[in-house]
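Reader: I would like a close look at one part of this model, the place where the ligand sits. Please take me through the surroundings and then step outward.

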Amino acid sequence: MTDTFKDLDHPPRLLMGPGPINVHPRVLRAMSVQLLGQFDPEFTGYMNETMALYRQVFQTQNRWTFLVDGTSRAGIEAALVSVLAPGDDVVVVNAGRFGLLLSEIAERCDARVTLVEGEWGKVIDPQAVEDAVARVKPRLVACVHGDTSTTMAQPIEAIGEICRRHDALLYVDATATLAGMPCPVDQWQADIVTAGLQKCLGGPSGSAPITISDRAAEHIAGRKHVERGIATAGAVSGAGRRIASNYFDLAMIMDYWSDKRLNHHTEAASMLYAARECARVALEEGLDARFARHASAGAAVVAGVEAMGLSVYGDPAHKMTNVTGIWIPAGIDGDRVRARMRTEFEIEIGTAFGPLTGKIWRIGAMGVNARKHAVLTTLAALEAVLRWEGFSATPGAGVDAAAKVYS
Ligand SMILES: *Cc1c(COP(=O)(O)O)cnc(C)c1O
């Protein structure tokens, strides 16, 4: 008995990085609700409710709006592997860490990947996307909406319009923005959009909401019954090749979420409860109120760090409201600051990736943490740690400036 591990009793930590974030108490409660059999009418009723709720969250009429079991990446992978057959052309907007992930997954589908490269900290010029699409005539264009690695929100509506005009499908990763910034799927003319719970939706990671237009669903369903042996070698048409993954075969997952209820996986009931509650909480607040709350939290973070004498990373005109990149000042050890934020204040802020490693911190204000107390507490702690590390910030300036945004 002496070898057993202790209870999970870490101190409550304020998660102010780019995700995961603290989970809404109602979502935690929903996750502790007893399970039901996956074909129990009460449970399939919850599945249908979840579909209806996420149509509202995604601002779409798409019939096919449901959950992929797994983290956000499961939604991304399901979308790409279900659309892209070997040899298909895909144009990927690569303007951050998650753009790179899209191209990596598309390559694993043996698709022919054309990258439209964007500078980190800026948004893509839609004309560059149009040029690539006109040249390649891809089956799919894939783009991240808000890439937390760069804190930029890409102009999806312009890209959607280009895709429609050139008859390409559009996939969008809205993991970091859904329910925090407007993600009007139908207005975007996006065909597949996926997300996760651990950002603005205020839940744990482990469920990936997805929405699929009829034209994308038709293409995916068309790949369903094709057997491996029938496809001609090197077939370019998506209809010529079976979807390469069973778990992420959206045609099969749609059959499971349809009235047919064809068995596929065992729906992750506790995660479905969580996803359903995240959507209920978001819609009760109202999407517009929620977007405004994330916007004011983001504005308060920006005002606070600038008043401390720090600089905000990236193009302010296209900055995501829910994540802020902050240049680490010269002579300050970014990792030490993050460590002291945690050990002295129980607050987590984010580090950075790739070209920004060691150069910026990222502070997220998302879900339940897009609130005044969380922002003010984080700024007060950051200022104290910075002073202890030898940076001269006027005491109280950051909190005062942030509080003013709220008054
Ligand atoms: C956070 C984030 C993800 C995370 O994927 P997980 O599989 O849930 O870790 C994916 N895409 C974007 C744009 C993100 O910001």
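Author: What follows starts at the ligand and then moves to other parts of the chain. Keep in mind that this is a predicted model.

Start with the space itself. The ligand occupies the largest pocket. Which residues surround the ligand? One group is Thr-71, Ser-72 and Arg-73, joined by Phe-98. Val-144, Gly-146 and Thr-148 also belong to the surroundings. So do Asp-173, Thr-175 and Ala-176. Gln-198 and Lys-199 complete the list. By character, this shell holds 3 nonpolar, 6 polar and 3 charged residues.

Now the polar contacts. Take Asp-173 first. A polar atom of the Asp-173 side chain is 2.7 Å from a ligand nitrogen. Gln-198 also uses its side chain: an N or O atom there lies 2.6 Å from an oxygen of the ligand. Arg-73 takes part through its backbone. A polar backbone atom of Arg-73 is 2.9 Å from a ligand oxygen. How much of the ligand does the protein bury? On its own, the ligand exposes 390 Å². The protein buries 88% of that area.

Next, the salt bridges. Side chains of opposite charge can pair when their charged atoms come close. The count for this model is 21 salt bridges. One of them joins the side chains of Glu-49 and Arg-276, with 2.7 Å from N to O. This pair connects distant parts of the chain. Glu-49 sits in helix α2, residues 41–57. Arg-276 sits in helix α10, residues 269–285. The two are 227 residues apart.

Last, the backbone. Most residues other than glycine have a negative phi, and most peptide bonds are trans. Two spots here deserve a look on that account. The first is the peptide bond from Gly-19 to Pro-20, which is cis, with omega near 5°. Where is Pro-20? Pro-20 lies in the loop that runs between β1 (14–15) and α1 (25–31). The second is Thr-151. Thr-151 is not a glycine, yet its phi is positive, about 65°. Thr-151 too is in a loop, between β6 (146–147) and β7 (152–153).

Conventions: Residues numbered from 1 in each chain as written. Predicted model: local features only at pLDDT ≥ 70, side-chain atom pairs only at ≥ 80, totals over all residues. Heavy atoms only, no water. Near = heavy atom within 4 Å. Polar contact = N/O pair within 3.5 Å; in protein donor to acceptor, adjacent residues only side chain to side chain. Areas by Shrake-Rupley, 256 points an atom, 1.4 Å probe, with all protein chains shown as cover. 1 Å grid on protein atoms, 1.4 Å probe; cavity = no way out; pocket = protein on both sides within 12 Å on 5 of 7 lines; lining within 4 Å. Sits in = over half its atoms within 2 Å of the grid points. Nonpolar A, V, L, I, M, F, W, Y, C, P; charged D, E, K, R; others polar. Salt bridge = Lys/Arg side-chain N within 4 Å of Asp/Glu carboxyl O. Helix = DSSP H or I, 4+ residues; strand = E, 2+ residues; numbered from the N terminus.
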